[in-house]
Amino acid sequence: MQFGSLDPQARRGLGIQDGGVVIASVQPGSPADQAGLERGDVIIAIGSRPVAKPEDVAKELASAQKAQARTVLLRIVNRQGTQFVALPVGKA
C-alpha cells in the first residue's frame, strides 16, 4: 500500500475531525487487497492508536511486524462509513 496525507477539505467531507491517512494505492493480490482495502479509504487508527500522517501508518505496521503480530486492526472511513478491517501483517 501507498499512503497520502488527507487535506482539510476531504477530512471535513468525510466527517473526520482530526488525523487520517488516505490509501493512495493498493497492490492487486496483496494482503491489503484481500482484506478489502481500496484506494481512497482513510485509515484513522491502527489498533488503539490514531494516525495523522503516512509516517504514522508505516511506523505502526513496522512495529506490529517487529512484535510478530499476525494481524493489525485498522479503523477506516470509506464510502460505507466507519469500519474495522483486520489486515494480515505477519506469517500465518
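**Stop 1: helix α3**

Select Glu-55, Lys-59 and Lys-66 in this predicted model. These three residues are exposed on one side of α3. Now turn to the other side and pick Pro-54, Val-57, Glu-60, Leu-61 and Ala-64, the buried residues of the helix. They fall within an arc of only 130° around the axis, which places them on the same side of α3.

Next, show what lies over that buried side. The cover includes β1 (2-5), β2, β3, β4, β5 and β6.

Check the length of the helix while you are here. α3 contains 13 residues. From first C-alpha to last, α3 reaches 18 Å, close to the 18 Å expected at 1.5 Å a residue. Then step just past the end of α3 to Gln-68, where phi is positive at about 60°.

**Stop 2: Glu-60 and Arg-49**

Stay on α3 and select Glu-60. Is Glu-60 buried or exposed? Its relative accessibility is 17%, and the cut-off for buried is under 20%, so Glu-60 counts as buried.

Show its contacts, leaving aside neighbours within four places in sequence. Glu-60 touches Ile-46 and Arg-49. With Arg-49, the side chain of Glu-60 forms a salt bridge, 3.7 Å from N to O. Because Glu-60 sits in helix α3 and Arg-49 in strand β4, the pair ties together parts that are eleven residues apart in sequence. Arg-49 itself is exposed, at 51% relative accessible area.

**Stop 3: Arg-79 and Glu-38**

How many salt bridges are there? The count comes to two. For the other pair, select Arg-79 and Glu-38, whose closest N and O atoms are 3.0 Å apart. This salt bridge links distant parts of the chain, 41 residues apart. Arg-79 is in the loop between β5 and β6, and Glu-38 is in the loop between α2 (31-34) and β3.

Colour both by accessibility. Arg-79 is exposed, with a relative accessible area of 56%. Glu-38 counts as partly exposed, at 42%.

**Stop 4: strand β3**

Follow the chain from Glu-38 into β3, residues 42-46. Five of its five residues are buried, so the strand is largely enclosed by the rest of the structure.

Now bring in its partners one by one:

- Strand β2 (residues 21-25) pairs with β3 in the antiparallel sense over two bridges. Look for Val-21 opposite Ile-43.
- Strand β5 (residues 71-78) is antiparallel to β3, with four bridges. Here Ala-45 stands opposite Arg-75.
- Strand β4 (residues 49-50) also pairs with β3 in the antiparallel sense, over two bridges. Here Ala-45 faces Pro-50.

Zoom in on the turn from β3 to β4. The hairpin has two residues between the strands, and Gly-47 takes a positive phi near 65°.

**Stop 5: Arg-75**

Cross from Ala-45 to Arg-75, in strand β5. Arg-75 is partly exposed, with 37% relative accessible area. Draw a distance from its C-alpha to that of Ile-44. It reads 5.7 Å, although the two residues are 31 apart in sequence.

Expand the selection to the contacts of Arg-75 beyond four places in sequence. They are Val-42, Ile-43, Ile-44, Ala-45, Thr-82, Gln-83 and Phe-84.

**Stop 6: the nonpolar cores**

Nonpolar side chains tend to be buried together in soluble globular proteins. Look for that pattern here. The largest nonpolar core has 17 residues. Which residues have the most contacts inside it? Select Leu-37, Ile-43, Ile-46, Val-72, Leu-74 and Leu-87. The elements giving two or more residues to this core are β2, β3, α3 (54-66), β5 and β6 (81-88).

Centre on Leu-74. Again leaving aside neighbours within four places, Leu-74 is in contact with Leu-37, Ile-43, Ala-45, Ile-46, Gln-83, Phe-84, Val-85 and Leu-87.

Last selection: Leu-6, Ile-16, Val-22 and Val-42. These are among the six residues of another core, which lies apart from the largest one.

Methods. Residues are numbered from 1 along each chain as its sequence is written. This is a predicted model: local features need pLDDT of at least 70, side-chain atom pairs count only at pLDDT 80 or more; totals for chains, interfaces and linings use all residues. Side-chain values use heavy atoms; hydrogens and water are left out. Buried means under 20% relative accessible area, exposed over 50%, partly exposed in between (1.4 Å probe, protein chains only). Two strands pair if DSSP finds at least two bridges between them. A nonpolar core is a set of buried Ala, Val, Leu, Ile, Met, Phe, Trp, Tyr and Cys residues joined through side-chain atoms within 4.5 Å. Contact means heavy atoms within 4.5 Å. A salt bridge is a side-chain nitrogen of Lys or Arg within 4 Å of a carboxyl oxygen of Asp or Glu. The expected span of a helix is 1.5 Å times one less than its number of residues. The arc is that of the directions from the helix axis to the C-beta atoms.
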